[in-house]
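Student: I'd like a close look at one part of this model, taken slowly. Could you walk me through a single helix and its surroundings, with the side-chain pairings spelled out?

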Amino acid sequence: MASYFDEHNCEPLNSEREVRTNMLLELARGGGPGPGSLFNRMDFEHLGLVVDWDHHLPPPAAKAVVNNLPRTVISSSQAELKCPVCLVEFEEEETAIELPCHHLFHSSCILPWLSKTNSCPLCRHELPTDDDTYEQHRQDKARKQQQQHRLESLHGAMYT
């Protein structure tokens with residue numbers, strides 16, 4: 001008697017490929033760990049289809065946000081300040097770019113930085129990005145932090 005694979009003229013799947021195929025079938029059927037959830041983050045992480053933003057560099061700052069950052073003319077009282085990137089003092093009447101965290105930078109220093117990542121090099125204040133998945137990650141992270149803060153406040157209120 002011929003085996004199933006001989007009968008159907010096919011080869012058995014290797015175990016890793018079989019796991020991926022089964023997971024994709026489960027997703028297509030609407031099954032899986034989540035309650036009726038077609039898209040479960042754990043399924044996509046296992047398949048390597050989701051970026052783990054906690055272990056990857058964030059994307060560049062949104063171009064519209066960078067283009068609309070305020071330009072500040074350095075006054076005589078600010079002339080002793082240094083650009084945190086190049087450590088060169090600002091000159092009076094020079095134009096600097098001010099981030100929302102109020103740190104000042106030379107445009108030639110901060111613009112290349114923001115074209116690679118979305119945060120202030122000093123305090124890590126994040127600017128919005130054009131990456132929808134990263135923005136969703138930021139919102140989820142903020143919600144988790146708020147929930148943790150509420151739980152800690154509730155716990156503290158119960159035992160004081």
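Tutor: Happy to! Let's start with a pair inside helix α6: R143 and D140 are 3 residues apart there, so about one helical turn separates them. The two form a salt bridge, and their closest N and O atoms are 2.5 Å apart. The general geometry helps here: an α-helix has 3.6 residues a turn, so residues three or four places apart point the same way. Both partners keep some access to solvent: R143 is partly exposed, with a relative accessible area of 45%, and D140 is partly exposed too, at 29%.

Before going further, a word on confidence. This is a predicted model, and the mean pLDDT of the chain is 80, with 70% of its residues at 70 or more. Over residues 32-37, however, the pLDDT is below 50, and in the model that stretch has 7 contacts beyond near neighbours in sequence.

Now the helix as a whole. α6 runs over residues 132-158. Its 27 residues reach 39 Å from the first C-alpha to the last, close to the 39 Å expected at 1.5 Å a residue. The buried residues of this helix are Y134, E135 and H137.

One of those buried residues, E135, brings us to a second pairing. The side chains of E135 and R138 meet in a salt bridge, with an N to O distance of 3.4 Å. Here again both residues lie in helix α6, 3 residues apart, about one turn of the helix. R138 itself has 22% relative accessibility and therefore counts as partly exposed, because buried would require a value under 20%.

R138 also has a partner outside the helix. Its side chain meets that of E126 in a salt bridge at 3.7 Å, N to O. E126 lies in the loop between α5 and α6, while R138 is in helix α6, so this pair ties together parts that are 12 residues apart in sequence. E126 is partly exposed, with a relative accessible area of 27%. Put together, E126, E135 and R138 are linked in a network of salt bridges. The structure holds 3 salt bridges.

The loop that supplies E126 deserves a visit of its own. R124 is also placed in the loop between α5 and α6, and its phi is near 65°, a positive value in a residue other than glycine. You'll find a phi near 65° at L87 as well, again a positive value in a residue that isn't glycine. L87, though, lies in the loop between β1 (71-73) and β2 (95-98), and at 57% relative accessibility it counts as exposed.

Back in the loop before our helix, T117 sits between α5 (107-114) and α6. With 13% relative accessibility, T117 counts as buried. Leaving aside its neighbours within four places in sequence, T117 is in contact with P58, P59, P60 and A61.

Finally, let's follow the helix to its far end. Y159 lies in the segment after α6, and at 60% relative accessibility it counts as exposed. Together with L154 and M158, Y159 makes a nonpolar surface patch of about 380 Å².

So, if you trace this part on screen, try this order: the R143 and D140 pair within the helix, then the network of E126, E135 and R138, and last the patch made by L154, M158 and Y159.

Key:
Residues are numbered from 1 along each chain as its sequence is written. Side-chain values use heavy atoms; hydrogens and water are left out. Patches are made of residues with over 30% relative accessible area and no salt bridge: like charges are joined within 9 Å, nonpolar side chains (Val, Leu, Ile, Met, Phe, Trp, Tyr) within 5 Å. Accessible areas come from the Shrake-Rupley method with a 1.4 Å probe; for residues, only the protein chains shown count as cover. A salt bridge is a side-chain nitrogen of Lys or Arg within 4 Å of a carboxyl oxygen of Asp or Glu. Helices (H or I, at least four residues) and strands (E, at least two) are DSSP runs, numbered from the N terminus. Buried means under 20% relative accessible area, exposed over 50%, partly exposed in between (1.4 Å probe, protein chains only). Contact means heavy atoms within 4.5 Å. The expected span of a helix is 1.5 Å times one less than its number of residues. pLDDT is the predictor's confidence in each residue, from 0 to 100.
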